[in-house]
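Here is a small set of exercises on reading a protein model. Try each task yourself before you look at the solution.

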Amino acid sequence: MMKNLYQAASYQMLRRIGLTAGAVIFMAGCASTPAPTAQMAVSRAAVSDASNAGGNEFAPIQLKSAMDKMAAAERAMKDKDYVVARQLAEQAQVDAQLAGAVAQTDKAKKAAAAVQEDSRVLRLELNRKTN
């Protein structure tokens with residue numbers, strides 16, 4: 001009888017320890033996601049760079065998408081939903097990089113067209129002066 005009582009007490013103690021350890025591990029797992037402050041800063045900089053590169057003019061859809069996702073990431077940060085904040089910030093960064101690349105490409109195309117037009121006008125001038 002003493003042996004059964006001892007076993008029951010040991011079982012209850014081990015069960016309590018197991019439940020406590022499980023709760024501690026669960027809580028540590030939930031609290032282990034750090035705030036994505038570095039990713040947020042990188043994404044903000046990417047959106048700013050895209051805007052400065054002419055994203056509003058040359059890639060308004062991509063830039064708006066980046067800005068909307070960045071705003072959603074900021075809201076998720078305030079709500080301490082760090083996983084969602086990181087995902088949205090990463091998406092905003094990619095959209096902003098796309099907007100910047102589109103803007104730079106379109107600017108380069110315009111510059112190339114202007115150079116070709118200047119070259120054409122110069123050739124016409126040269127031809128007119130030689131004739």
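## Exercise 1: α2 and α4

The axes of helix α2 (residues 37-52) and α4 cross at roughly 155° and come within 10 Å of each other. Axes here are lines fitted to C-alpha atoms, for helices over the stretch in contact, and angles run from 0 to 180 degrees between N-to-C directions. Helices (H or I, at least four residues) are DSSP runs, numbered from the N terminus, as are strands (E, at least two).

Before you start, note that this is a predicted model: local features need pLDDT of at least 70, side-chain atom pairs count only at pLDDT 80 or more, and totals for chains, interfaces and linings use all residues. Residues are numbered from 1 along each chain as its sequence is written, and side-chain values use heavy atoms, with hydrogens and water left out.

Task: decide how α2 is oriented relative to α4, and find the residues that meet.

Solution.
- Step 1. Apply the cut-offs: angles under 35 degrees count as roughly parallel, over 145 as roughly antiparallel, 65 to 115 as roughly perpendicular and the rest as oblique.
- Step 2. The crossing angle of roughly 155° therefore makes α2 roughly antiparallel to α4.
- Step 3. Add the handedness: α2 passes α4 in a left-handed crossing. A crossing is left-handed if the near helix is turned anticlockwise from the far one by less than a right angle, and right-handed if clockwise.
- Step 4. List the partners, using contact in the sense of heavy atoms within 4.5 Å. Residues including Met 40, Ser 43 and Arg 44 in α2 meet residues of α4, among them Met 67, Met 70 and Glu 74.

## Exercise 2: α5 and its partners

Task: work out how α5 is oriented relative to α4 and relative to α2.

Solution.
- Step 1. Take α4 and α5: their axes come within 8 Å and cross at roughly 160°. The two helices are therefore roughly antiparallel to each other.
- Step 2. The crossing of α4 past α5 is left-handed. Its contact includes Ala 73, Ala 76 and Met 77 of α4, and Tyr 82, Ala 85 and Leu 88 of α5.
- Step 3. Now take α2 and α5, whose axes are 8 Å apart and pack at an angle of about 20°. α2 and α5 are therefore roughly parallel to each other.
- Step 4. α2 and α5 also make a left-handed crossing. Among the residues in this contact are Val 42 and Ala 46 of α2, with Ala 89 and Ala 96 of α5.

## Exercise 3: The cores

Task: find which residues make up the largest nonpolar core.

Solution.
- Step 1. Use the criterion: a nonpolar core is a set of buried Ala, Val, Leu, Ile, Met, Phe, Trp, Tyr and Cys residues joined through side-chain atoms within 4.5 Å. Buried means under 20% relative accessible area, exposed over 50%, partly exposed in between (1.4 Å probe, protein chains only).
- Step 2. The largest core has eleven residues: Met 40, Met 70, Ala 72, Ala 73, Ala 76, Met 77, Tyr 82, Ala 85, Leu 88, Ala 89 and Ala 92. At least two of them come from each of α4 (60-78) and α5 (82-130).
- Step 3. A separate core has eight residues, including Ala 46, Ala 59, Leu 63 and Ala 66.

## Exercise 4: Three residues compared

Task: are Ala 76, Arg 44 and Lys 80 buried, partly exposed or exposed?

Solution.
- Step 1. Ala 76, found in helix α4, is buried, with a relative accessible area of 7%. Leaving aside residues up to four places away in sequence, Ala 76 touches Asp 81, Val 84 and Ala 85.
- Step 2. Arg 44 lies in helix α2 and is partly exposed at 39%. With the same sequence neighbours left out, Arg 44 touches Met 70 and Glu 74. Arg 44 and Met 70 are 26 residues apart in sequence, yet 7.3 Å apart in space, C-alpha to C-alpha.
- Step 3. Lys 80 sits in the loop between α4 and α5 and counts as exposed, at 60% relative accessibility.
- Step 4. Check the backbone too. Most residues other than glycine have a negative phi. Lys 80 is not a glycine, but its phi is positive, about 60°.
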